[in-house]
Amino acid sequence: MTLDFKPLASGAAHLPENYLPAALPALLGDPMDESYPLLPVPMQDARAVSFVTGAGLADPAHCAQAMQDAQPRYIGPPMGPQEAALGGVTFSRPETASDVRVKVLGLIDVGIAFWNAAFRDGSALAGPSCFKDMGYLGFSPGGQGPSGVQFLGEAALAGICQQADSDGHDRNIVARLGADFPQSVFGAHPVAGQLFHLDGFNHGTAIADLMLNPLVDGALAPGGQMEILPHSPIFGVELPQNVLLDASGETLQAVLSLAIGDLARRVFDWGCTHCPDKRLELRIVLPFAFTGSAMGGTHPVIENIRQLVANAETAGFDIKIFMPAGNHLQDQLHARPGDPGAGAWSAPLRWALVPDDHSANTVEITWQGASDVTLEIDGPPGRARIEMDHGDIALLLSGGRVIGAAWCRDQGAGWTRLRISLGQTASDRPDGLRVPSGDWSLRLKPESGACEALGAWILRDDRTRLDRRSPPTRQSQFRDSAYRRKEANGHWKKTDDAGCAVKRVGSISLLAEAQNADILAVGAHERLAGGLEPAWYGGISVRDGVPGQSETVDALRPSSGIRALVNGGPRRMRFSGTSAAAALAAVR
């Protein structure tokens with residue numbers, strides 16, 4: 001069997017930010033029949049949304065033409081062209097507003113059981129909900145319904161809470177929300193079935209509980225002075241199913257600006273009606289994390305969030321966003337093989353693909369300096385090399401069949417980004433693509449100049465067959481014989497190993513890497529015999545190390561977790577993670 005590159009495009013400067021891996025199925029020849037929006041960042045005008053078909057995604061020149069301009073865009077979930085009811089966000093401060101502050105909470109997540117009796121003002125059954133509105137983000141394929149964030153409104157929200165009180169269970173509410181918002185987790189997924197767990201754990205509900213009832217488990221006892229926001233008004237946005245099912249974060253990045261912007265707009269309108277003489281402070285918890293390069297904090301979604309925050313501030317509207325540091329410290333998703341000089345090969349990156357993996361596998365490599373490099377990929381089928389420059393795209397073929405692709409682009413601010421995507425190692429079809437599992441190796445050689453600050457990140461790719469009730473983890477990893485998982489005392493290692501290319505520093509979530517005064521990355525603490533320490537799973541920044549803001553999540557012992565409500569009933573479960581820390585930080 002042989003391994004070969006086939007150049008597909010040269011100089012394709014303007015392609016969607018997530019062209020790989022979003023377009024990989026089309027490049028592999030899988031049918032993608034719907035229309036896909038190319039969502040601009042920032043979203044200023046619904047008319048700026050352009051569309052491309054699945055066949056168009058397989059043609060970089062066609063896709064670049066559909067971009068219309070050089071504005072950053074993302075391939076979004078499929079939707080009908082006539083349903084692009086999306087717009088930008090502007091704020092205009094009422095003339096009567098003062099500097100007296102009203103603090104409001106915002107939550108963007110999945111599986112938010114806002115009708116839970118514990119979320120009522122004063123925790124009184126049949127009392128008014130602390131949730132003032134809930135929005136549902138959806139993209140309707142084929143024009144079968146509205147696209148964008150659709151808010152319930154206070155009257156409908158109150159009616160659902162009353163229904164919960166009278167029914168005494170969640171089933172009718174989940175069915176109602178599933179019918180009205182079929183792309184949410186309340187709708188039945190065609191393969192995975194019901195993603196909202198009536199009697200089990202739902203992440204959005206647990207995060208909401210920590211925001212509204214943070215002292216139930218004594219979580220905020222350590223950490224000094226704290227300010228509880230009593231009966232704080234809270235607004236939520238429910239993300240669609242395909243965000244939950246895409247661990248890489250690429251789908252979330254496509255819709256994140258829209259979700260944050262529409263949430264902020266709804267809160268601002270509420271404030272103009274209910275407290276026009278006050279200055280709003282909105283604290284948004286975005287409890288999602290995903291890996292990717294730092295690039296000096298120049299990610300277009302982060303730039304858009306910063307601009308939105310600045311625009312709101314000029315209108316007397318303060319926005320702070322709390323993001324988790326991520327739980328990737330031990331996942332072997334980041335590596336630094338050293339910086340090769342001109343004409344010299346970098347040390348090989350050992351990339352291990354696991355069997356029975358039903359998701360694509362993608363590595364993102366970034367550096368400053370040389371734009372033209374030779375990429376070498378070595379795997380079970382053989383070895384292939386190709387010289388690439390900004391805008392170049394190439395298919396990777398094994399035995400004449402496409403198994404992956406590579407894409408090199410100018411990321412701005414002197415950074416180059418190279419993504420290599422390989423297909424899945426397992427298939428449900430007898431004739432389906434199966435990329436060989438095992439060790440693959442990546443090397444780069446700069447042709448002019450050097451590759452400085454060379455780093456590689458694996459985009460999380462542990463999705464499995466959706467019909468499996470207890471799916472196994474199938475995450476690809478970087479490997480190095482010098483990597484040590486545990487200390488001599490059996491505790492997880494939290495620092496980098498000497499002489500090892502696989503790094504823990506750099507494991508922080510991509511968006512959290514760009515933290516500033518308004519975008520706060522939050523880490524988690526755990527209790528060991530010697531006291532509280534950063535949790536064994538919490539990501540570390542390349543630039544700033546352990547996040548300066550941290551909350552105690554595992555107060556009893558490592559991974560002991562924190563108790564929270566998990567559905568519409570009184571049941572509480574323990575869970576760990578930096579997303580829990582972000583929720584606690586938002587109410588401190």
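User: Among contacts in the protein chain between residues at least 6 apart in sequence, what percentage join residues at least 24 apart?

Analyst: The model is a predicted one. Its protein chain holds 11 helices and 28 strands. Taking contacts between residues at least 6 apart in sequence, the share that joins residues at least 24 apart is 76%.

User: What percentage of the residues of the protein chain count as buried?

Analyst: A residue counts as buried under 20% relative accessible area. Applied to the 588 residues of the protein chain, this criterion gives a buried share of 57%.

User: How many residues of helix α7 are buried?

Analyst: Helix α7 spans residues 203–212 and has 10 residues. Its buried residues are G204, T205, A206, I207, A208, D209, L210, M211 and L212. The helix is therefore largely enclosed by the rest of the structure, the buried count being 9.

User: Are helices α9 and α10 roughly parallel or roughly antiparallel to each other?

Analyst: Helix α9 covers residues 250–274 and helix α10 covers residues 300–314, and their axes lie 10 Å apart. The packing angle is about 10°, and angles under 35 degrees count as roughly parallel. The relation of α9 to α10 is therefore roughly parallel.

User: Which residues of α10 meet α9, and how many charged residues does the contact have?

Analyst: On the α9 side, the residues taking part are Q253, L256, S257, I260, G261 and A264. Their counterparts in α10 are V301, N304, I305 and L308. By class, the contact has 6 nonpolar and 4 polar residues, and the number of charged residues is none.

User: Which strands stand at the edges of the open sheet that contains β16 and β21?

Analyst: This sheet has 5 strands in the order β17-β16-β21-β14-β23, with antiparallel pairing. Each edge strand has a single partner, so one side of it is left without a neighbour in the sheet. From one strand to the next, the twist averages 25°. The edge strands are β17 (382–388) and β23 (477–479).

User: Which residue of β21 does L375 stand opposite?

Analyst: Strand β16 (residues 373–379) pairs with strand β21 (residues 438–446) in the antiparallel sense, over 6 bridges. Within β21, the residue opposite L375 is L444.

User: How many residues of strand β19 are buried?

Analyst: Strand β19 runs over residues 401–412 and has 12 residues. It pairs with β18 (residues 393–398) through 6 bridges and with β20 (residues 415–422) through 8 bridges, antiparallel in the β18 pairing and in the β20 pairing. The strand is mostly covered, with a buried count of 9.

User: Which residue takes a positive phi in the hairpin of β18 and β19, and which in the hairpin of β19 and β20?

Analyst: The hairpin of β18 and β19 has 2 residues between the strands, and I393 stands opposite W407 in β19. The hairpin of β19 and β20 also has 2 residues between its strands, and G404 has L422 in β20 as its bridge partner. Positive phi occurs near 60° in the first hairpin, at G399. In the second, phi is near 55°, at A413.

User: How many residues lie between β27 and β28 in their hairpin?

Analyst: Strands β27 (residues 562–565) and β28 (residues 572–575) pair in the antiparallel sense over 4 bridges. In this pairing, A564 stands opposite M573. The number of residues between the two strands of the hairpin is 6.

User: Is N116 buried or exposed?

Analyst: N116 is placed in the loop between β5 (101–109) and β6 (131–138). Its relative accessible area is 3%, and under 20% is the range for a buried residue. N116 is therefore buried.

User: Which residue's backbone oxygen does the side chain of N116 reach at 3.4 Å?

Analyst: A polar atom of the N116 side chain lies 2.9 Å from the backbone nitrogen of A118. Leaving aside neighbours within four places in sequence, N116 is in contact with L565, N567, G568 and G569. The backbone oxygen reached at 3.4 Å belongs to G568.

User: How far apart in space are the C-alpha atoms of Q162 and P128?

Analyst: Q162 belongs to helix α5 (residues 154–167), and at 55% relative accessibility it counts as exposed. Q162 and P128 are 34 residues apart in sequence. Their C-alpha to C-alpha separation is 9.5 Å.

Key:
Residues are numbered from 1 along each chain as its sequence is written. This is a predicted model: local features need pLDDT of at least 70, side-chain atom pairs count only at pLDDT 80 or more; totals for chains, interfaces and linings use all residues. Side-chain values use heavy atoms; hydrogens and water are left out. Axes are lines fitted to C-alpha atoms, for helices over the stretch in contact, and angles run from 0 to 180 degrees between N-to-C directions. Angles under 35 degrees count as roughly parallel, over 145 as roughly antiparallel, 65 to 115 as roughly perpendicular and the rest as oblique. Contact means heavy atoms within 4.5 Å. Ala, Val, Leu, Ile, Met, Phe, Trp, Tyr, Cys and Pro count as nonpolar, Asp, Glu, Lys and Arg as charged, and the others, Gly among them, as polar. Two strands pair if DSSP finds at least two bridges between them. Buried means under 20% relative accessible area, exposed over 50%, partly exposed in between (1.4 Å probe, protein chains only). A polar contact is a pair of N or O atoms within 3.5 Å; within protein, one must be able to donate a hydrogen and the other to accept it, and residues adjacent in sequence count only if both atoms are side-chain atoms.
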